[in-house]
Amino acid sequence: CKALRLLFVSTPSVESTIKAIAVHSDLTIIGAGNKILRFWRGKPDGEIGQHQGRVTQLLVVGDSLFSYGDEGALGVWDIKGGDCAVSMHDLAAAGVTALVGGAAARITSVMHPHTYLNKLLLGDEDGQAFIFNVRSGKVVFKFAALGSAITAFDQSPAVDVVAVGLPGRGGL
């Protein structure tokens with residue numbers, strides 16, 4: 001720990017609570033309120049975009065940023081580009097729905113599985129997992145519910161194997 005040193009502190013502070021953070025090269029990307037903000041070496045570098053609801057998940061894959069807002073939308077953004085979304089997906093309309101009621105599932109974890117082109121693995125608070133094609137905006141596969149919220153995904157070195165984190169159990 002003696003080698004760890006604070007390099008940057010962002011200034012000025014943001015107006016909403018930060019709920020999500022991602023890093024791409026020298027850029028730090030945050031989800032604060034409904035805004036997605038970009039910082040370069042601790043200094044504000046612009047706004048990537050906005051959701052209707054609060055941003056709760058961010059994931060960088062290459063030069064693309066995926067964001068999930070609690071209104072049930074998944075945004076796809078060009079990190080290097082301007083402030084317009086490449087696409088926005090209504091997850092409920094695409095079939096990413098809660099176990100009861102048909103409303104959009106509340107996503108708790110997002111991951112891009114290696115070797116899966118244009119696909120994201122989405123986990124929700126009901127323990128369901130979905131493989132979602134971000135190009136077509138459709139659910140490719142829906143896994144059976146696990147009985148409790150999915151809190152994390154992690155890629156295994158083996159192809160097509162992902163660890164699933166569940167609260168209080170240590171995972172599968």
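1. Two strands are treated as paired if DSSP finds at least two bridges between them. The model discussed here is predicted. In this model β6 and β7 run antiparallel and are joined by six bridges. One pairing sets Leu65 against Trp77, its bridge partner in β7. The hairpin formed by β6 and β7 has three residues between the strands, and Gly72 takes a positive phi near 95° there.

2. Strand β7 also pairs on another side of the chain's order, with β8. Five bridges join β7 to strand β8 (residues 85–90), and the two run antiparallel. Here Leu74 has His89 as its bridge partner in β8. How many of the six residues of β7 are buried? Five of them are, and the strand is accordingly described as mostly covered.

3. A further hairpin is made by β3 and β4. These strands run antiparallel and are joined by six bridges, with Ile36 standing opposite Gly49 in β4. Two residues lie between the strands of this hairpin, and Arg41 in the turn has a positive phi of about 50°. Arg41 returns in point 7, where its side chain is considered.

4. The interior should be examined next. The largest nonpolar core has 16 residues, and those with the most contacts inside it are Leu91, Val96, Ile107, Leu120, Leu122 and Phe132. At least two residues of this core come from each of β6 (64–69), β7 (73–78), α1 (91–94), β9 (107–111), β10 (119–124) and β11 (129–133). Apart from this core lies another, of eleven residues, including Ile36, Ile48, Leu58 and Trp77. Two of the residues named there have appeared above: Trp77 as the bridge partner of Leu65, and Ile36 as the residue opposite Gly49.

5. Which residues does Leu91 touch, leaving aside those up to four places away in sequence? They are Tyr68, Gly72, Leu74, Val96, Ile107, Leu122 and Phe132. Among these contacts, Gly72 is the residue with a positive phi in the hairpin of β6 and β7, and Leu74 is the bridge partner of His89 in the pairing with β8.

6. Pro113 merits separate comment. This residue is found in the loop between β9 and β10. Is Pro113 buried or exposed? Its relative accessible area is 7%, and because buried means under 20%, Pro113 counts as buried. Not counting residues up to four places away in sequence, Pro113 touches Lys119, Leu120, Leu121 and Gln155. Leu120 is also listed among the residues with the most contacts inside the largest nonpolar core. Pro113 and Val134, by contrast, are 21 residues apart in sequence and 13 Å apart in space, C-alpha to C-alpha.

7. The count of salt bridges comes to five. One of them joins Arg41 to Asp26, the closest N and O atoms being 3.9 Å apart. Arg41 lies in the loop between β3 and β4 (43–50) and Asp26 in the loop between β1 and β2 (27–32), so this pair ties together parts that are 15 residues apart in sequence. Arg41 is partly exposed at 38% relative accessible area, and Asp26 is partly exposed at 39%.

8. Another salt bridge is formed by Arg54 and Asp70, whose closest N and O atoms are 3.1 Å apart. Arg54 is in the loop between β4 and β5 (55–61), while Asp70 is in the loop between β6 and β7, so the pair ties together parts that are 16 residues apart in sequence. The relative accessible area of Arg54 is 40%, which makes it partly exposed; Asp70, at 33%, also counts as partly exposed.

9. A further salt bridge connects Glu15 with Lys35, the closest N and O atoms being 3.4 Å apart. The two residues are 20 residues apart and link distant parts of the chain: Glu15 is in the segment before β1 (18–24), and Lys35 is in strand β3 (residues 35–40). Glu15 is exposed, with a relative accessible area of 69%, whereas Lys35 is partly exposed at 22%.

10. The last point concerns the surface. Which residues make the nonpolar surface patch of about 270 Å²? The patch is made by Val140, Phe141 and Phe143. Phe141 is found in strand β12 (residues 138–142), and its relative accessible area of 43% places it in the partly exposed class.

Terms used:
Residues numbered from 1 in each chain as written. Predicted model: local features only at pLDDT ≥ 70, side-chain atom pairs only at ≥ 80, totals over all residues. Heavy atoms only, no water. Core = buried A, V, L, I, M, F, W, Y, C linked by side-chain atoms within 4.5 Å. Buried < 20%, exposed > 50% of the residue type's maximum accessible area, 1.4 Å probe, protein only. Helix = DSSP H or I, 4+ residues; strand = E, 2+ residues; numbered from the N terminus. Contact = heavy atoms within 4.5 Å. Patch = residues over 30% accessible without salt bridge, like charges linked within 9 Å, V, L, I, M, F, W, Y side chains within 5 Å. Areas by Shrake-Rupley, 256 points an atom, 1.4 Å probe, with all protein chains shown as cover. Salt bridge = Lys/Arg side-chain N within 4 Å of Asp/Glu carboxyl O.
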